Every structure is written in structure tokens, then in C-alpha cells.
Amino acid sequence: MKAKEIRAMSAAELDAKLVELKKELFNLRFQHATNQLSNPQKLADVKHDIARVKTIIREKAAD
């Protein structure tokens, strides 16, 4: 997910996306713990996406 795509979202959409990403991260961690995760890089990608969304939320709140 690109920062440009995230900046185009509204505040409500950002909150929903953050919840969705956190659920995905939880599921990926669970799969990783049970050795069912086929692509471990997906964990890092989701963490980066969460950080991007949080950063954009903070930027919009400062305005």
C-alpha cells in the first residue's frame, strides 16, 4: 500500500483500515506460530502498512 493511496482516504476510512490491518497482523502471527505461514515477509509488510496508516492519521490530526 502506497502512502499516496492512504493520504486519499478519509479519517473514518483510515480508522477502518487500521483495524483491518491489525486483524490481519494477528492472523499472520497466529499462522507463523503454527508454522502455516508460507510467506514470512508478509508480516513485515503489514507492520509497515500499519505504521504508514498511523503516520497519516497523525499528520491529519495535526492539521
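1. Helices are DSSP runs of at least four residues, numbered from the N terminus. Asparagine 35 belongs to no such run here, being found in the loop between α2 and α3. The model is a predicted one.

2. Overall, the protein has three helices and zero strands. Read from the N terminus, the order of elements is α-α-α. Along the principal axes, the C-alpha atoms fill a box of roughly 45 × 15 × 15 Å. Of the 63 residues in the protein, 24% are buried. Among contacts with a separation of 6 or more, 60% join residues 24 or more positions apart.

3. Helix α2 covers residues 11-33, which is 23 residues. Its length can be checked: at 1.5 Å a residue the helix should span 33 Å, and its end C-alpha atoms are 33 Å apart, so the two values agree.

4. Which residues of α2 are buried? They are Leu14, Lys17, Leu18, Leu21, Leu25 and Leu28. The cover over these buried residues includes α1 (3-7) and α3.

5. Lysine 17, in helix α2, deserves a separate remark. Its relative accessible area is 17%, and because the cut-off for buried is under 20%, lysine 17 counts as buried. Setting aside residues up to four places away in sequence, lysine 17 touches Met1, Met9 and Val53.

6. The packing of α2 against α3 comes next. The two helices pack at an angle of about 160°, and their axes are 10 Å apart. Angles over 145 degrees count as roughly antiparallel, so α2 is roughly antiparallel to α3. The crossing of α2 with α3 is left-handed. The residues of this contact divide into eleven nonpolar, one polar and ten charged.

7. On the α2 side, the residues that meet α3 include Leu14, Lys17, Leu21, Leu25, Arg29 and His32. On the α3 side, the residues met include Leu43, Val46, Asp49, Ile50, Val53 and Lys60. Leu14, Lys17, Leu21 and Leu25 also appear among the buried residues of α2.

8. Aspartate 49 is found in helix α3, residues 41-62. Is aspartate 49 buried or exposed? At 13% relative accessibility it falls under the 20% cut-off, and therefore aspartate 49 counts as buried. Not counting residues up to four places away in sequence, aspartate 49 touches Met1 and Leu21. Met1 is also touched by lysine 17, and Leu21 is one of the buried residues of α2.

9. Two residues in the loop between α2 and α3 can be set side by side. Asparagine 35, just after α2, takes a positive phi of about 55°, in a residue other than glycine. At 72% relative accessibility, asparagine 35 counts as exposed, because exposed means over 50%.

10. Leucine 37 also has its place in the loop between α2 and α3. Leucine 37, however, is buried, with a relative accessible area of 17%. Leaving aside neighbours within four places in sequence, leucine 37 is in contact with Leu28, Gln31, His32 and Leu43. Of these, Leu28 is one of the buried residues of α2, while His32 and Leu43 take part in the contact of α2 with α3. The C-alpha atoms of leucine 37 and asparagine 27 are separated by 9.8 Å, the two residues being ten apart along the chain.

Conventions
Residues are numbered from 1 along each chain as its sequence is written. This is a predicted model: local features need pLDDT of at least 70, side-chain atom pairs count only at pLDDT 80 or more; totals for chains, interfaces and linings use all residues. Side-chain values use heavy atoms; hydrogens and water are left out. Buried means under 20% relative accessible area, exposed over 50%, partly exposed in between (1.4 Å probe, protein chains only). Contact means heavy atoms within 4.5 Å. The expected span of a helix is 1.5 Å times one less than its number of residues. Axes are lines fitted to C-alpha atoms, for helices over the stretch in contact, and angles run from 0 to 180 degrees between N-to-C directions. Angles under 35 degrees count as roughly parallel, over 145 as roughly antiparallel, 65 to 115 as roughly perpendicular and the rest as oblique. A crossing is left-handed if the near helix is turned anticlockwise from the far one by less than a right angle, and right-handed if clockwise. Ala, Val, Leu, Ile, Met, Phe, Trp, Tyr, Cys and Pro count as nonpolar, Asp, Glu, Lys and Arg as charged, and the others, Gly among them, as polar.
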